[in-house]
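Thank you for making time for this one today. I would like to walk through the model step by step, starting with one sheet and then moving outwards to the cores, the chains and their contact.

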Amino acid sequence: MTDIAELESNNLTRIDGAADLAALDEARVAILGKSGNVTLLARTLGSVSLEERKVLGPQINQMRDRLAARIEARKAELEAAELEAQLAASRVDLSLPAPPRRRGGVHPTMQVMDELVAVFADMGFGVAEGPDIETDFNNFTALNFPPKHPAREMHDTFFLPPDANGDRKVLRTHTSPVQVRVMHRTNEKLPGWIASGQEPPIRVIVPGRTFRQESDRTHTPMFHQIEGLVIDKGIHMGHLKWTLETFIARFFETDRVTTRFRPHHFPFTEPSAEIDVKCDRSGGEVRIGEGEDWLEILGCGMVHPNVLRNCGLDPDVWQGFAFGCGVDRLGVLKYGMPDLRDMFAADVRWLAHYGFSAFAAPNPASGLS
Amino acid sequence: MKFTLSWLREHLDTSASVAEVVEAMTMAGLEVEHVDDPGARLAAFSVARIVEAVQHPNADRLRVCQVDTVDGRKEIVCGAPNARAGLTTIYAPIGACIPANGLVLEARPVRGVVSNGMLCSAAELQTAEESDGILELDAGLAVGTPAAVALGLEAVIDFEVTPNRPDWLGVDGVARDLAAAGLGRLKTPAITPVAGGFPCPVQIRLDDSGACPAFAGRLIRGVRNGPSPDWLQRKLLSIGLRPISALVDITNLITFDRARPLHVYDAARLSGGWIEARLGREGERVEALDGKTYAAGPETCVIADASGAIGLGGVMGGASTGCSETTTDVFIESAWFDPIRIAQTGRTLGIASDAQYRFARGVDPESLLPGLELATRLILDICGGEPSEAVLAGQAPAPPAPFAFDRGYVEALSGLSIGRERIDGILSALGFGLDGETVAPPSWRRDVEGKADLVEEVARIAGYGALPSTPLPPARPAPGGVLTVRQSRMRTARRALAAFGYAEAVTSSFMKRATAETFGGGAPELVLSNPIAADLDCMRPSILPNLIEAVGRNTRRGYPDAALFEIGPIYRGDQPGDQSTVIAAVVSPHPARRWDGRDVDALFALKGDLEALLGEIGAPALQMVQGDSSPWWSPGRSARLQLGPKTVIAEFGEIHPAVLKAQDVDGPVLGFELHLDLLPEPKRREVKTRPAFQPSPLMPLSRDFAFLLPEDAPAGDLVRPILAADKALITEARIFDVYQGPGVPEGFKSVAVEVRIQPREQTLTEADIETLSARIVGAAEKACGARLRS
């Protein structure tokens, strides 16, 4: 009788020694195949006594199961090794660059517009719009700039050619004509995007393009303004002050900004004010929230009774405030571009430097910028 | 408007410093633009005395001086011819910065002798335009006296006068507001009339045009004109005015002291014994005091005598009748001119004189006679002479009408809680007349027309610093957000395009007219009358040209690979409805070379971006039409996206090379322009729930079809009919191959389409699939004339 233990030991050595899957399969056939040594050994059981068979039978069966398991284990080992070898051979140089991808961005003026809309939407302001080419009435007369009045000279106005009646359209010098459009109810047939007269209470902001005939480091012939208008019963300058203080703190995203209300004159507000913020100019650039200097950032006031009357509202019933400020300039103050003219030059390097990520949409949860 | 502290103190009893005056002005609405403070500018400079001056050993023109200075005895080398022992002058120490040239003094040898400072001329200190030699000062000045004090230099405050406050164009008006604001006591000297010794020999006439409704005048005979006295010259110089002669200087003084412009005529040069304010006549011309000749037509108010027009009324006097050294009889004009006409004349003739500036904004109509009397008093004091009686012709406008003022309105409009006593105190201090509930504005406050104006007066004097900060009443937030669909789409488009790799630009609303014409614009009503530059004279009909130009600029700087977009207005006419919003993008593809050799087709990448953008902003399905694009597109490589047969929502493709050439830009440049306002808006639905998700439990399958199409037929047209062949089962149809060559008949192409089929309720049998395939083939044939390739 072959020594079972020795047979198993020899077989295990052979299995473990199989260098690859083919050798392992040869071993499997030699051990467990039809003429394999274990199969042959099992066949010899028929010629032994019943007693011996009762002892040897389970021994051989158990040995066969152990060898089969060892073959499977070795097979898994060899397969894993083969895969590793294949993978090692198909190495990719990942230091090579990915396909080029253009980096886009949002223009800082538009980012600031979105920031402003987010701040004011939170205070219940809607967004109204009006056309860039305006009538003299909406841009000036209705806003209490009498015809030929010197106050008009404060705005360096762009004119379009006179029509048959001698009336000249203007490029709006401020977003304030949209105040008139929002308050003044007319039968004019207009596209849906243009604000039409609505019944108070009114709470809107008006972002848009504005135009003045000037150009230097801090002025461009086209720029952007945002107007605010609140009309209701019992609105006074205290509400104006709170609104602007709140806006300034939220826009600059700091409580450290100190503001100052200072009397000024605008034909369409009475009383009128300008708002200064404290800043530091010592380093050649303006830094908001530090220093002892003042910087004017916007104009505002209570809507002039004549403007309310011109828009068909009774100033003894309705009161309200308006404010307006330069959006590009707010961007300059917050984000520090040195020359306003660069804003509209579409220089790809500038846009990449000062632009904002597409995913930096201002929202109340994560902040504005 | 400029003034000095000492000038202010003639009207205001105050001990306030310059800084305090500036602060009080700012907070009362007088916006200080600049303070020129020589005391600060010349802080390093002080009075010194030369003790000894000897010839420099090595230079003929230099002297070596021993000088007593604030820093003790110093040896200083000086090149001035007047440097001599005993001279009192100004000393600059080492380290001082010389105002005239910005040089900082260093102790270094001058021809071998070290100069420990510098002795200064007026020009070096910028207190005179030129000078020969160093300053020669009063010997009584103590060594060490600050230069600004020794030279009598004062801080000059320059502030912005808003158009509503012409009274601030006189120092008296500034003083009144500062007194009301609590800075001191108003003490403007009163004006006493001077009795005339004889009737005025010059008759004053006015026409009835209203150009000059009132004119006061008088003659003073026997005056001696010449340089005005030192105090008057210094006063004018202190605010940058050039002294001319005593008579003229007196009128300038009153212009700035009282905001009351006057004019003086040499009476000997007036003809006819009368003077008249009237409108000019066709062809009339006036040679003005500035030496230029101006046309004085019927829109202009002129002053005339028997010889014709002799001056531009309220704007500038004429050369022919001006006062000179030889003037002995002077006629003084104190008139009131219609502000609007004066403003217009100033603009038309391009004259901005001190008189024109004041009359255009409105001079106090009650200042005619007081101004005349003050001028008389000063002329008599300085030039002597004998005055005639004062004559007033016509009538100046009445002061603003009194109106009722409910003091409670102060709090209602401003939120400031101020008692009646304080309110009335402020108004009185500003010159308002109070009679019970009625308030009468003073004659110089023609801007005040209602109660809101009074609230401003009270609030600004009480101080805006006291304004409460009152939260706005809470507004019910709009349940669906505040933005319209269009506004939301603009925001989405901006973020989407930025994410797709396009950089947002903002470009001008104007462009060159010729370029606008190329892009379908340039209508005469959109050409600016006063453009800022010749190539920015026309409102844009399209954003594309601006972006193309930007590509050119970036290319010339070495950055040709640009992808830009802009969302903004275009203008088709001057009516509100002619303005619309477009989303425009351009790509100038210069991608970096790739190591894997793969390439992206820029035109189809752009098409993909446009389709993705349309998807993000919720556009409905659009129809593509090729071959009909606007002329600025390259005809074979552009297309439109339409909604129905007429509405063109977008155009895209390559820009026509001729258009690029005209703009001096190298191609190719690709782009699209999408008309946002033409996109229909989905209805805002109250219920936001979506239809239930019902995935099929069955496996989808796909079948490939190869169709033969005429080679010029749009392959993409196959997709829609195939999808429509069975809307329930077919979920997708994609072209994956286009082939021409052996095996495909001449003039045809083979288009392979993969159709994806999703069984819904039961597995499809082979027979079902064959029926479906037949429907697909039939639909493709019917719609496009396609044949299944066998």
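Before the first sheet, one term: two strands are said to pair if DSSP finds at least two bridges between them. With that in mind, please look at chain B of what is, I should stress, a predicted model, where β3(B) and strand β11, residues 156-160 of chain B, run antiparallel and are joined by five bridges. Within that pairing, Val32(B) has Phe159(B) of β11(B) standing opposite.

These strands belong to an open sheet of three in chain B, with the order β1-β11-β3 and antiparallel pairing. Because β1 (2-4) and β3 (31-36) of chain B each have a single partner strand, they stand at the edges, and one side of each is left without a neighbour in the sheet. From one strand to the next, the twist averages 30 degrees. Packed on this sheet is helix α2 of chain B, residues 18-28, which touches β3 and β11 of chain B and whose direction makes about 160 degrees with that of β3(B).

Let me turn to the nonpolar cores. In soluble globular proteins, nonpolar side chains tend to be buried together. Here, the largest nonpolar core has 238 residues, and those that touch the most other members are Leu116(A), Leu178(B), Val330(B), Leu547(B), Leu564(B) and Val586(B). If we take Leu178(B) and set aside residues up to four places away in sequence, the residues that Leu178(B) touches are Leu12(B), Val21(B), Ala24(B), Met25(B), Leu183(B) and Gly184(B). Apart from the largest core lies another, of 29 residues, which includes Ala53(B), Val64(B), Met118(B) and Leu153(B).

Is Leu603(B), which some of you may want to find on the screen, buried or exposed? Leu603(B) sits in helix α17 of chain B, residues 602-616, and since a residue needs 20 or more other C-beta atoms within 10 Å to be buried and 12 or fewer to be exposed, Leu603(B), with 18, is partly exposed. Leaving aside neighbours within four places in sequence, Leu603(B) is in contact with Arg637(B), Gly653(B), Glu654(B) and Leu670(B).

Stepping back to whole chains, chain B has 20 helices and 40 strands. Its radius of gyration is 42 Å, well over the 28 Å that the globule rule gives for 790 residues, so chain B is more spread out than a compact globule. Along the principal axes, the C-alpha atoms of chain B fill a box of roughly 125 × 80 × 60 Å, and 42% of the 790 residues count as buried.

Chain A, for its part, has eleven helices and eleven strands. The radius of gyration of chain A is 42 Å, well over the 21 Å given by the globule rule for 369 residues, so this chain is also more spread out than a compact globule. Its C-alpha atoms fill a box of roughly 130 × 50 × 45 Å along the principal axes, and 43% of the 369 residues count as buried.

Finally, the contact between the two chains takes 73 residues from chain A and 78 residues from chain B. On the side of chain A that touches chain B, the elements giving two or more residues include α5 (108-122), β5 (202-211) and β8 (269-280) of chain A, while the largest share, seven residues, comes from α8(A). The residues on that side of chain A divide into 40 nonpolar, 18 polar and 15 charged.

Definitions and conventions. Residues are numbered from 1 along each chain as its sequence is written. Chains are lettered from A and ligands numbered from 1 in the order in which they are written. This is a predicted model: local features need pLDDT of at least 70, side-chain atom pairs count only at pLDDT 80 or more; totals for chains, interfaces and linings use all residues. Two residues are in contact if their C-beta atoms, placed from the backbone, lie within 7 Å. Helices (H or I, at least four residues) and strands (E, at least two) are DSSP runs, numbered from the N terminus. Ala, Val, Leu, Ile, Met, Phe, Trp, Tyr, Cys and Pro count as nonpolar, Asp, Glu, Lys and Arg as charged, and the others, Gly among them, as polar. The radius of gyration is taken over C-alpha atoms; the globule rule is 2.2 Å times the number of residues to the power 0.38. Axes are lines fitted to C-alpha atoms, for helices over the stretch in contact, and angles run from 0 to 180 degrees between N-to-C directions. A nonpolar core is a set of buried Ala, Val, Leu, Ile, Met, Phe, Trp, Tyr and Cys residues joined through C-beta atoms within 7 Å.
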